[in-house]
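Could you walk me through this model in the viewer, stop by stop? Please tell me what to select and what is there.

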Amino acid sequence: MPSVRLLDALTIDRIAAGEVVERPADAVKDLVENALDAGARRVEVAVEDGGRRVIRVADDGAGFAPEDLALAVERHATSKLPDGDLAAIASFGFRGEALPSIAAVSRLEIRTRAEGADGGLRLVVEQGVKGAVAPVGHPRGSTIEARDLFAATPARLKFLKSPRAEALACADAIRRLAIAHPQARFAFASDEGGAFDWPACPPGPQGARMRSGQALGPDFLDDALDIDATREGVRLTGLVAVPTHHRSNAQAQYFSVNGRAVRDRLLAGALAGAYADFLPAGRKAVAILDVACDPRFVDVNVHPAKTEVRFADPGLVRGLIVGAIRERLGAARHRASVGGGLAAAALFARDFGAAPNGYGSAHAPTGGFAEPAQ
């Protein structure tokens with residue numbers, strides 16, 4: 001039997017990186033969260049080959065001070081836990097793992113300039129090997145570029161999906177953060193599609209509603225009901241669609257907790273329970289919801305990717321969501337989706353040969369639902 005030995009530091013870093021960065025979208029999410037933690041009001045993301053070849057995130061945040069840049073790519077080094085209190089986390093990247101994890105499995109280049117600094121700085125980390133900090137021209141903020149993701153861990157590449165699927169996953173990660181932070185401008189560019197550019201929105205409910213329209217379109221806003229309810233210090237806000245506005249999957253469900261975009265089974269289950277008596281079988285609600293609470297009421301440290309949370313009183317949160325949404329849907333029972341009505345008319349026309357204007361298919365207007373001539 002081989003003797004036990006300690007792994008070298010680079011191998012340890014690459015193994016640890018696999019827990020944090022499973023696909024390009026994870027790297028994009030972590031870098032954008034760092035930008036938001038730095039106070040960015042402009043976040044621009046570009047990916048090539050689904051993020052395999054290039055991931056670039058530029059922001060206008062605080063930037064790195066000279067004494068912090070080299071330390072920022074060391075594992076478990078962070079500025080976001082000044083008192084070390086893991087029970088009251090108010091930032092995203094508190095673990096100090098994002099930059100070193102990405103650097104361990106790519107060629108990472110950071111160009112940055114702190115507010116008030118005379119010039120910018122540049123640092124390159126090549127597959128976990130750190131170079132020297134050097135001067136460079138750069139505006140206030142940071143540009144972080146990761147090239148050749150997983151080049152040093154080819155086994156990871158085999159488990160990635162197609163470039164288009166990975167690019168769309170990157171776009172979805174940014175979209176979820178953008179919905180939770182409407183005050184910032186978010187732009188995404190890709191050679192595989194999914195690009196968007198959403199300008200910053202005003203503060204308050206008006207801005208949140210504008211961002212919801214940017215994400216889900218004006219049809220959603222036409223069919224959206226405002227939610228604002230509080231129970232025992234936990235507040236639920238957002239928008240939910242009337243029951244006739246629904247989808248075949250849960251891709252149009254967006255949740256955040258204290259501004260942190262999450263994919264949480266408790267929240268998704270509560271939303272499904274709220275709509276249980278309102279939706280046809282197999283259909284999914286469309287909703288954008290945020291839970292605001294004392295940071296000590298929620299544990300965000302339950303998963304390396306920080307996409308799941310654990311509430312101190314999950315029953316309270318579930319009851320708040322189900323009760324608030326059911327009450328709102330019940331009060332709006334008379335409302336129907338205009339888009340849903342048009343869709344129903346389209347199905348009727350397709351299946352029975354009748355156009356939405358009441359004539360037979362032979363008289364359907366141009367662009368209607370008549371069957372093509374044989």
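Here is a short tour, from the whole chain to one helix pair and two cysteines.

This is a predicted model, in which local features need pLDDT of at least 70, side-chain atom pairs count only at pLDDT 80 or more, and totals for chains, interfaces and linings use all residues. Residues are numbered from 1 along each chain as its sequence is written, and side-chain values use heavy atoms, with hydrogens and water left out.

Start with the whole chain in cartoon view: you will find 11 helices and 16 strands (DSSP runs numbered from the N terminus, helices being H or I of at least four residues and strands E of at least two). Of its 374 residues, 45% count as buried (under 20% relative accessible area, with a 1.4 Å probe and protein chains only).

Next, select residues 24–37, helix α2, together with residues 163–180, helix α6; their axes come within 8 Å and cross at roughly 25° (axes are lines fitted to C-alpha atoms over the stretch in contact, with angles from 0 to 180 degrees between N-to-C directions). That makes α2 roughly parallel to α6 (angles under 35 degrees).

Now show side chains. On the α2 side, the residues that meet α6 include Val-28, Val-32 and Leu-36; among their partners in α6 are Ala-169, Cys-170 and Ile-174 (contact means heavy atoms within 4.5 Å). By class, this contact has 10 nonpolar, no polar and 3 charged residues.

Stay on Cys-170, which is buried at a relative accessible area of 0%. Finally, jump to Cys-293, also buried, at 12%.

How values were computed. Buried < 20%, exposed > 50% of the residue type's maximum accessible area, 1.4 Å probe, protein only. Parallel < 35°, antiparallel > 145°, perpendicular 65-115°, else oblique. Nonpolar A, V, L, I, M, F, W, Y, C, P; charged D, E, K, R; others polar.
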